Structures are given as C-alpha cells and as structure tokens.
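Me: Could you take me through the second largest pocket? I'd like the rings beside it too, and one enclosed space for contrast.

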Amino acid sequence: MNAGATTPEHAVVTGGAGFLGSWLCERLLDLGWRVSCLDNLVTGSRSNVAHLLANPRFDYRGADVTRELPVDDAQVDVVYHLASLASPVHYQRLPVETLLVGSSGTLNALELARRTGARLVLSSTSEVYGDPLEHPQTETYWGNVNPVGERSMYDEAKRFSEALTMAFRRSSGVDTAIVRIFNTYGPRMAVDDGRMIPMFISQALRGLPLTVTGDGSQTRSLCFVSDTIDGLVAMAGATEPGPVNIGNPAETTVSEVAASIVARTGSDSMIEYVDGRPDDPQRRCPDIRRARKALGWEPRVSWEEGLDATLRWFADRLQREPLASGSRLAPGVAGTPGS
C-alpha cells in the first residue's frame with residue numbers, strides 16, 4: 001500500500017462476491033482503492049456486491065480462478081486470494097473443486113503477484129491446526145490434521161496453499177503474507193450454508209430446534225466481520241509475511257453460542273444435541289500476540305454488538321427471501337471457520 005501513489009491503488013480480490021470478499025471490496029473502495037472482484041459465484045452471490053456495481057472504481061468479473069485471472073497486469077498493488085469453498089455443505093459437495101481452488105487457484109494468484117510485483121495476501125484458516133493439541137494456537141504450531149478425513153479437502157487445500165505461497169516467497173522473491181482466519185461471522189453469510197452462526201440464527205428465527213453437534217462443549221472464538229477485515233487490510237500494508245492469526249481470543253462453547261442466540265432472538269426454540277462429526281476440533285482459540293505486535297490489530301466488536309447486527313440482517317433476509325421449498329436447515333457443523 002503505497003502512501004505516495006498518485007493514482008488509485010489497485011487490488012484484485014478473488015472470491016470477492018463471497019461473505020468476506022464482499023466486505024473487503026467495500027472497505028477497499030471506502031479507502032479510495034480501485035478493486036477488481038473475481039468470482040464464479042459457485043458460493044458467492046452477486047447480491048453481495050450489487051451495491052458496489054455503480055462505483056467506477058469497482059470491476060466485477062465472472063472468473064474461475066483455477067483457470068485464469070482475467071486482470072490487466074499494468075498495475076496491481078495487492079492480490080487478496082480469498083476464493084475458497086469455506087462451508088462444509090459446499091466443500092463436501094465439491095471436494096475436488098475445493099482442492100483445485102487451494103492449489104491451481106493459489107498458483108494463478110501467485111503468478112499474477114509475481115508478474116506485477118504486487119503483494120499477495122493469502123486467506124488461510126484456523127483449520128490448518130486441525131483438532132489442536134496446543135491451546136491456544138500459536139502460528140508456530142504445526143497442527144493435528146487428518147489428511148484423509150471427511151473435512152480433509154478443505155484443511156489440506158489451505159495447508160497446500162500456505163506451502164505454495166512460502167515456496168514462491170523463497171524461490172521467486174514474491175512479497176507474500178498469510179493470515180489464518182478464525183471463526184468469522186456477520187451479515188452476508190448465506191442463510192442455509194451450514195456453518196454454526198447462520199445455522200443457529202436461521203433455526204432460531206424460524207422456531208426450529210438449534211442442532212448442536214456433539215455435546216456442545218467444543219469451544220470457538222468468534223470474530224465479527226469488520227474486525228477480520230481490519231486485519232486483512234492491515235496485513236496488506238505491513239511487511240510481515242505471516243502466518244498471522246486473525247481471530248478473537250475470547251473463547252466460548254458451542255452450547256453457549258446456541259443459548260445466546262436463542263435468548264437474543266427471544267425464540268422458543270429448543271437446543272437439540274445430535275451426533276458429533278469426525279475430526280471436529282474440540283478447542284479453538286487463537287494466540288494473537290503476533291497480530292498485536294506486527295499489525296497493531298485486535299478485535300474491537302463485542303459478541304453482543306456483532307450478534308445484534310447479524311440478527312438484524314438475517315431477520316430481514318429471511319423475510320424478503322425465505323428458503324426455497326424443499327430446502328432444509330441441516331445440523332450446524334460447529335468446527336467450521338466462517339472464512
């Protein structure tokens with residue numbers, strides 16, 4: 001991020017019509033950037049960026065990042081590689097595509113950064129720690145991941161993308177950065193995408209039982225989307241290569257999350273416990289000392305404030321766009337990262 005630039009700086013955001021990507025595009029535009037948003041809308045939504053389309057500094061392009069990144073190489077300052085199938089509903093339905101986004105998609109993003117001299121910021125995940133044996137998780141922890149398990153396509157895609165990013169940095173001198181995002185929530189999450197927060201909220205607002213996998217004692221660290229975006233923006237302007245944890249160190253159990261959502265919505269929904277899932281992390285909490293020191297970053301939005309904003313969005317969305325006939329709210333998978 002070049003403070004002395006005389007022309008608007010240009011960011012390429014893969015997965016830019018997704019949950020995190022759309023918030024990042026909006027923030028960069030607010031900062032005066034020119035933004036190229038690349039998304040094939042497999043899990044993203046054009047509605048997430050509809051309010052940005054009239055901005056002359058915003059360019060949406062339908063693109064499969066595993067095949068090409070259709071961007072003019074004349075000036076690219078930052079490449080944010082956020083494209084990924086982050087919900088288990090999606091990555092278990094499209095396992096090969098998930099692995100290709102983490103491999104071929106990351107390769108194409110790195111090649112663009114290499115050609116243009118841009119800084120690449122890779123959106124990785126707390127899932128690289130697997131079901132951690134270290135708590136809280138520091139960036140030096142190598143993780144406890146099942147490479148052939150039911151969620152391995154997502155975990156290993158991200159682990160490979162980190163390895164490829166570091167290989168480019170070491171062998172080609174590409175300016176790279178890795179952020180490991182912990183559970184992020186907020187408006188624009190898909191209503192029925194299967195992750196814990198949207199699932200619980202949708203169930204509560206519809207008067208359905210909140211389905212908690214396992215006994216609910218698993219812990220998560222919940223970070224509101226604006227805080228996560230602050231971390232991504234800070235990483236682009238830093239020299240830190242990472243990996244850097246971006247997450248909220250306030251740890252809470254899945255049962256506490258469900259109870260809080262029931263209370264906040266005033267719902268009559270019951271909490272129902274269902275069978276656990278293989279390789280579901282039992283504890284998840286980031287050590288953010290590196291983020292504090294290198295980026296001056298830490299989360300600022302409280303759970304109550306973030307939840308209220310998210311509830312308002314979901315209530316409006318369910319009223320305007322009820323779930324299609326025949327769709328169902330499947331049990332939430334408490335171990336998903338929300339990225």
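Reply: Here is the pocket, followed by the rings and then a cavity.

This is a predicted model: local features need pLDDT of at least 70, side-chain atom pairs count only at pLDDT 80 or more, and totals for chains, interfaces and linings use all residues. Numbering runs from 1 along each chain as its sequence is written, and side-chain values use heavy atoms, leaving out hydrogens and water.

Start with the pocket (an open set of points on a 1 Å grid, with protein on both sides within 12 Å along at least five of seven lines). Its space comes to about 160 Å³, counted as the space filled by probe spheres set on the points. Its lining (residues with an atom within 4 Å of a point) includes Val 128, Tyr 129, Glu 139, Thr 140 and Tyr 141. Trp 142, Arg 159, Glu 162 and Arg 180 line the pocket as well. By class, that makes 4 nonpolar, 1 polar and 4 charged residues.

Now the rings. Tyr 129 and Tyr 141, both in the pocket lining, form one aromatic cluster with Phe 182. The model has 6 aromatic pairs (ring centres within 6.5 Å). In one of them, Tyr 129 and Phe 182 sit 6.1 Å centre to centre, with 40° between the planes. That pair is tilted, the class between stacked (under 30 degrees) and edge-to-face (over 60). Tyr 129 lies in the loop between strand S5 (119-125) and H4, and Phe 182 in the loop between strands S6 (176-181) and S7 (184-185), so the pair ties together parts 53 residues apart in sequence. Tyr 129 and Phe 182 are both buried (under 20% relative accessible area, 1.4 Å probe). Compare Trp 313 and Phe 314: their ring centres are 5.1 Å apart and their planes at 75°, so this pair is edge-to-face. Trp 313 and Phe 314 are both buried too.

Last, the enclosed space. A cavity is a set of points where a 1.4 Å probe fits but cannot get out. There are 2 cavities of 30 Å³ or more. The second largest cavity holds about 50 Å³. Two elements give two or more residues each to its lining: helix H3 (95-116) and helix H4 (152-172). H3 gives the largest share, 4 residues. The lining includes His 81, Thr 98, Val 101, Leu 122, Ala 157 and Lys 158. By class, the lining of this cavity has 4 nonpolar, 6 polar and 1 charged residues.

How values were computed
Nonpolar A, V, L, I, M, F, W, Y, C, P; charged D, E, K, R; others polar. Buried < 20%, exposed > 50% of the residue type's maximum accessible area, 1.4 Å probe, protein only.
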